[in-house]
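Please work through the following exercises with the sequence and the model open side by side, and try each task before reading its solution.

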Amino acid sequence: RSAEPAVIRRTLALLGLLALTACAPTASEPQAASRVETRAITVFAAASLRETFATLVERFEASHPGTEVTLNFGASSTLATQITEGAPADVFASASPRNMKDVVATGHATDPKIFARNVLTIAVPAGNPGQVKAPSDLARPGIKVALCQPAVPCGVLADAMIAKAGLAVTPVTREADVKAVLTKVSLGEVDAGLVYVSDVRAAPGKVESVPLPADINQSTDYLIAPLVTSRDADLSRAFAAYVASAEAAGVLTEAGFVRP
């Protein structure tokens, strides 16, 4: 009986040692202190930036471990309205100075930066079945044309180009954004659509470009700004600065954008 307490003590000590061993981190399990904290932002961006921003986000995340950037694309006019109405966003990249101005005027952003420029072109389906070879062909009877809605930046520019060319063009559809117009063209549902040069560049083999004469063509500046209500102001500023950097400019230029 006198040996029982010693046996019990040894048993308890052994159980404690086993418990400590089980809780100790293994070589393949990083200690909690070494884990990278995840930081996240949401970027509202013009639809025409879809392909280039996918590339830029991938590079930005790679150079900022633990960072997660969510992209929300749409017409700049629609995104601006959503932001001013309180939609949760951290950065706004607009295809229109006017839409960015609206966001700044309501106090949601300050000090936007121009990071790229884009110009219009006529997109036609591969093979150009409608034989659209000049702006005047957009007004030819029987030619189906797709344009962006009048309030959308690509629609504003398209209407300005058509007016400057003195053409009477009646579109068969007005789409929500430039990518929707491009889809109509690529599927052959229309004979032509007015989009940006970068959009045609992003759809090789699906559409072709009919350049517009410089004297009637229209361009737009792209601006980016971190939003005042951002949940991570430092990260939002860092992403906006990266988009305006020389490295990002190379990606944009290769995609068909013009340096501002």
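**Exercise 1. Find which element gives the largest share of the lining of the largest pocket, and describe that lining.**

Solution. In this predicted model, the largest share of the lining of the largest pocket comes from H8, which gives four residues. The next step is to place that share within the whole: the pocket has a volume of about 230 Å³ and is lined by 14 residues, of which Thr 110, Asp 111, Pro 226, Arg 237 and Ala 240 lie nearest its centre. The elements that give two or more residues to this lining are strand S9 (219-226) and H8. Sorting the lining residues by character then gives ten nonpolar, one polar and three charged.

**Exercise 2. Arg 237 lies among the residues nearest the centre of the largest pocket; identify its salt-bridge partner and state how the two are placed in sequence.**

Solution. Arg 237 forms a salt bridge with Asp 234, and the closest N and O atoms of the pair are 2.4 Å apart. A distance within 4 Å is what the criterion asks for, so this pair qualifies. Both residues belong to helix H8 (residues 233-243), and because they are three residues apart there, about one helical turn separates them. As for solvent, Arg 237 has a relative accessibility of 46% and therefore counts as partly exposed.

**Exercise 3. The structure holds eleven salt bridges; examine the one between Glu 51 and Lys 179, and decide for each partner whether it is buried or partly exposed.**

Solution. Begin with the contact itself, in which the closest N and O atoms of Glu 51 and Lys 179 are 2.9 Å apart. Glu 51 lies in helix H2 (residues 50-63) and Lys 179 in helix H6 (residues 178-186), so the bridge ties together parts that are 128 residues apart in sequence. Now turn to accessibility: Glu 51, with a relative accessible area of 33%, is partly exposed, whereas Lys 179, at 10%, counts as buried because the cut-off for that class is under 20%.

A second bridge can be treated in the same manner. The side chains of Asp 159 and Arg 174 meet at 2.8 Å, N to O, and this pair links helix H5 (residues 153-165), which holds Asp 159, with strand S6 (residues 173-175), which holds Arg 174, across 15 residues. Asp 159, at 28% relative accessibility, counts as partly exposed, and so does Arg 174 at 30%.

**Exercise 4. The structure holds seven aromatic pairs; classify the pairs that Phe 60 makes with Phe 239 and with Tyr 242.**

Solution. For Phe 60 and Phe 239 the ring centres are 5.2 Å apart and the planes stand at 85°, so the pair is edge-to-face. Phe 60 lies in helix H2 and Phe 239 in helix H8, so this contact ties together parts that are 179 residues apart in sequence. Phe 60 is buried, with a relative accessible area of 0%, and Phe 239 likewise counts as buried at 0%.

For Phe 60 and Tyr 242 the distance is 5.9 Å centre to centre with 40° between the planes, which makes the pair tilted. Tyr 242 also lies in helix H8, so its pairing with Phe 60 in helix H2 joins parts that are 182 residues apart in sequence. Tyr 242 is buried, with a relative accessible area of 11%. As a last step, follow the ring pairs outward: they link Phe 53, Phe 60, Phe 115, Tyr 196, Tyr 222, Phe 239, Tyr 242 and Phe 257 into a cluster.

Key
Residues are numbered from 1 along each chain as its sequence is written. This is a predicted model: local features need pLDDT of at least 70, side-chain atom pairs count only at pLDDT 80 or more; totals for chains, interfaces and linings use all residues. Side-chain values use heavy atoms; hydrogens and water are left out. Buried means under 20% relative accessible area, exposed over 50%, partly exposed in between (1.4 Å probe, protein chains only). On a 1 Å grid over the protein atoms alone, a cavity is a set of points where a 1.4 Å probe fits but cannot get out, and a pocket is an open set with protein on both sides within 12 Å along at least five of seven lines; lining residues have an atom within 4 Å of a point. Grid points are joined across faces, edges and corners, and a volume is the space filled by probe spheres set on the points. Ala, Val, Leu, Ile, Met, Phe, Trp, Tyr, Cys and Pro count as nonpolar, Asp, Glu, Lys and Arg as charged, and the others, Gly among them, as polar. Rings of Phe, Tyr and Trp (its six-membered ring) pair if their centres lie within 6.5 Å; planes under 30 degrees apart count as stacked, over 60 as edge-to-face and the rest as tilted.
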